[in-house]
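Student: I should like to learn how to read the surroundings of a ligand and the layout of a sheet. May we take a case together?

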Amino acid sequence: MIVLFNCTCAVPTTMDSFHPVPVKVNPDLQKERDAALFNPVELTYLKDGGKDKTERRRRCELLAINDPDLQHKDISFMARNERYSNAVRKAVIIARKIKEHRLTNMEEKQLYISAATQYDTYGFGLHYGMFLPALSAQCDEEQRNYWLPLAENLKILGTYAQTELGHGTFIRGLETTAIYDPKTEEFVLHTPTLSALKWWPGNMGKTATHAVVLAQLYTNGKSYGLHPFIVQLRSLENHQPLPGITLGDIGPKLGFHSFDNGFLGFDHVRIPRRNMLMKYSQVSPDGFYIKPIHAKLTYSTMVEARVTLVSDIAYSLSQAVTIAVRYSAVRRQTEQIKGVKEPQILDYRTQQLKLFPYLAAAYAFTFTSFVITGRYIEVQNEMNDGNMESLSELHALSAGLKAFTSYVGNEGIEVCRLSCGGHGYSQASGFPELYTLTAPISTFEGENTVMLLQTARYLMKCATTAKRGLELPRFVLYLSQRQKGQCPARNESDLLDHGLLSDAFEHRARRLVIEAAQKMQSNIGKGNPQHVAWNNCHMYLLKAASAHCHFYVVQTFVKYINDTEMSDAVRDILTSLCQFYALHGIWQNAGDFLQDGYMNGNQLDMVQSLVGKLLDKIRINAVALVDAFDFRDEILCSKLGKYDGNVYEAMYEWAKNSPLNKTEVHDSYNKYLRPLMQSSKAKL
Ligand SMILES: CCCCCCCC/C=C\C/C=C/C(=O)SCCNC(=O)CCNC(=O)[C@H](O)C(C)(C)COP(=O)(O)OP(=O)(O)OC[C@H]1O[C@@H](n2cnc3c(N)ncnc32)[C@H](O)[C@@H]1OP(=O)(O)O
Ligand SMILES: Cc1cc2nc3c(=O)[nH]c(=O)nc-3n(C[C@H](O)[C@H](O)[C@H](O)COP(=O)(O)OP(=O)(O)OC[C@H]3O[C@@H](n4cnc5c(N)ncnc54)[C@H](O)[C@@H]3O)c2cc1C
């Protein structure tokens, strides 16, 4: 085993850890690292996909972190205008440096960008996150050859303009029109009402020169639904909006302060026919419409983004638990025995119960993100070969997992913040930025409830297919299997069996899906139209979709441990973490497991007892488990989560930089306080 630290001087002795050698590590944190039962570096390699990949990631990160051109004061001390400007400045530098460092591989570029932007948004986030993917997915060959080089070389800067002031979820109801004029071979883009203004697209307010605009296509007097068009918004000479185009920033938000989410209106703006993205559907010069091979191919950019967001959530949650666990190891509170040092707050059971479920979830979601990304690539390849069979499956899976993981992720970040007490509320903790960056993931790329209902819609179809004895895709195959009766656990050791735990979640998901399908049937049987029955059954449908996703995550965690090569020590801790994730999930959703008698009160007592026992196993390894995420301080951007644990020194230094401390006496004293206190009325 690689020795990371020697026991006495608390200084790293090898460079397997890429944290700079700290002068002094907080002794409490050091004690935690010394006591851990596994080597975190091994887990880092596993999470990254191998030692080589870890080293490559670290190299990319260091390139950004050590670059003097990318340094600036803490964004917490910047006003919005300054933040926007800083984000654009950095985005431009990042683009240049990516070329200079010859980072051609997509993964390397992303690693570099994420290290360079730290905990702020990326100034070209929409350009790379959605504009380029939309062009790649929706352009035909000729269009790709024209637009992609322009976009890739940043000759044009793009955004993805779909949402309108009055319409976000229900995109079939978008109002922006694109009417084809065969006389000039142009489309006329128009915003017919206030509610049709494009509203929210990132980087549109001030940055973008172009947008992929989603609009209702009309040709030969007929409507053909939503289609993507590439539209130039601003002059490439002076950045002024082009004639007929109204543009602006939508104003400050809960977070995303460096981002220029914008509004956009069209007044009969003409674009060439070939600006409709024509990979899947086409309009010929005379206005003849050719429909796509699958009606929902226009939505593919969103599917890709939802898949990416599962990884993003896993990453953010990992950051949150890193901050909270390290801080909980150095923070001491409330004397228990007179004269004896106050305990580390990490020793409180309630603190462990706050943090460890999210620590386990961070790992569970990381492994889930590997699987869904892999599945996305497989389906993408099938689709490139013209086979659209798995698109619905991928849509259901990505929509559900994006919603399930972001609900838990957002909740987890907030719980981690609360677990740090007052200091969690300071921007120095990193939580305000982390929380506000992650919070909208529950809303954008498909509002979470709506996404779970999409998954439920798919599951309802699968339940019918299963009832008919027809074949189902692998990830829903369990719906065609019979319920297995009662949970066979007789003692606590049975309940630690991964197979048994996975079966329990499978049973719950199948029961809830079948129950929702039955409720739908009986609602329709009572004469309700489909949409009324659907609305009446929302509570069953949501639960079914959520239980399905929960099962998927548990199953994935179990499978990852079973199928992956790792040392016994790492296997041991991941096994405990997986058991804890599943058992805690059963405990939190006890009603679901008791409702149909699958589990009984006695088994639930054992579940609860095991949750308590596993806290101890995780407690001893908690710091090592978060160290294994391998976030450098420069990336974590938290004074509470610093690798060396010297929290109070860091907080004090940070506070000194507050702009309010620039002068000893603030202007407002002379303007307001002095007149108040020195006026005759104010005299005592
Ligand atoms: C993210 C990475 C970038 C990082 C950059 C930095 C930060 C940037 C920050 C934010 C970026 C944010 C961007 C955005 O938010 S873009 C806008 C996103 N908007 C949405 O996601 C809208 C959500 N709404 C929808 O997706 C749809 O309207 C709907 C699915 C809710 C309903 O669609 P509708 O056409 O009405 O469908 P039906 O319900 O009638 O279903 C018909 C049928 O189609 C199937 N289906 C629906 N969607 C898809 C799909 N994507 N793929 C495949 N199939 C789909 C559906 O299941 C039905 O199938 P059926 O049952 O067999 O009939
Ligand atoms: C930070 C941020 C960045 C964004 N960036 C972009 C971007 O770059 N480009 C872009 O085009 N858009 C962007 N958006 C917009 C985003 O995609 C939408 O806000 C999102 O899709 C949700 O739609 P909505 O706002 O219409 O919510 P609504 O649909 O109005 O949701 C409001 C409530 O209604 C409920 N509801 C709605 N429909 C149903 C239903 N059928 N059944 C049950 N309940 C329902 C929801 O569950 C929710 O509780 C961004 C948004 C944010 C916050």
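Tutor: We shall discuss the ligand and then a sheet, bearing in mind that this model is predicted.

Student: Which residues come nearest to ligand 1?

Tutor: A residue is counted as near if one of its heavy atoms lies within 4 Å of the molecule. Here 29 residues surround ligand 1, and those that come nearest are Thr169, Lys296, Tyr299, Arg457 and Lys461. By class, this shell has 14 nonpolar, 9 polar and 6 charged residues.

Student: What polar contacts should I look for around ligand 1?

Tutor: One looks for pairs of N or O atoms within 3.5 Å. In the side chain of Arg306, an N or O atom is 2.8 Å from an oxygen atom of ligand 1. For the side chain of Gln454, the corresponding distance to a ligand oxygen is 3.2 Å. Gln162 places a polar side-chain atom 3.2 Å from a nitrogen atom of ligand 1. The protein covers 83% of the 1300 Å² of accessible area that ligand 1 has on its own.

Student: Which element gives the largest share of the shell around ligand 1?

Tutor: That element is α8, with 5 residues. Two or more residues come from each of α6 (125–138), α8 (300–330), α10 (391–419) and α12 (448–467). Domain 2 (132–292) and domain 3 (301–470 + 497–625) each supply at least three residues.

Student: In what order do the strands of the open sheet lie?

Tutor: The 3 strands follow the order β4-β8-β7, with antiparallel pairing. β4 (198–199) and β7 (245–249) are the edge strands, each pairing on one side only. Between β4 and β8 (residues 262–266) there are 2 bridges, and Trp199 has Phe263 of β8 as its bridge partner.

Notes: Residues numbered from 1 in each chain as written. Chains lettered and ligands numbered in written order. Predicted model: local features only at pLDDT ≥ 70, side-chain atom pairs only at ≥ 80, totals over all residues. Heavy atoms only, no water. Pairing = 2+ DSSP bridges. Helix = DSSP H or I, 4+ residues; strand = E, 2+ residues; numbered from the N terminus. Polar contact = N/O pair within 3.5 Å; in protein donor to acceptor, adjacent residues only side chain to side chain. Areas by Shrake-Rupley, 256 points an atom, 1.4 Å probe, with all protein chains shown as cover. Nonpolar A, V, L, I, M, F, W, Y, C, P; charged D, E, K, R; others polar. Domains from an automatic or database assignment.
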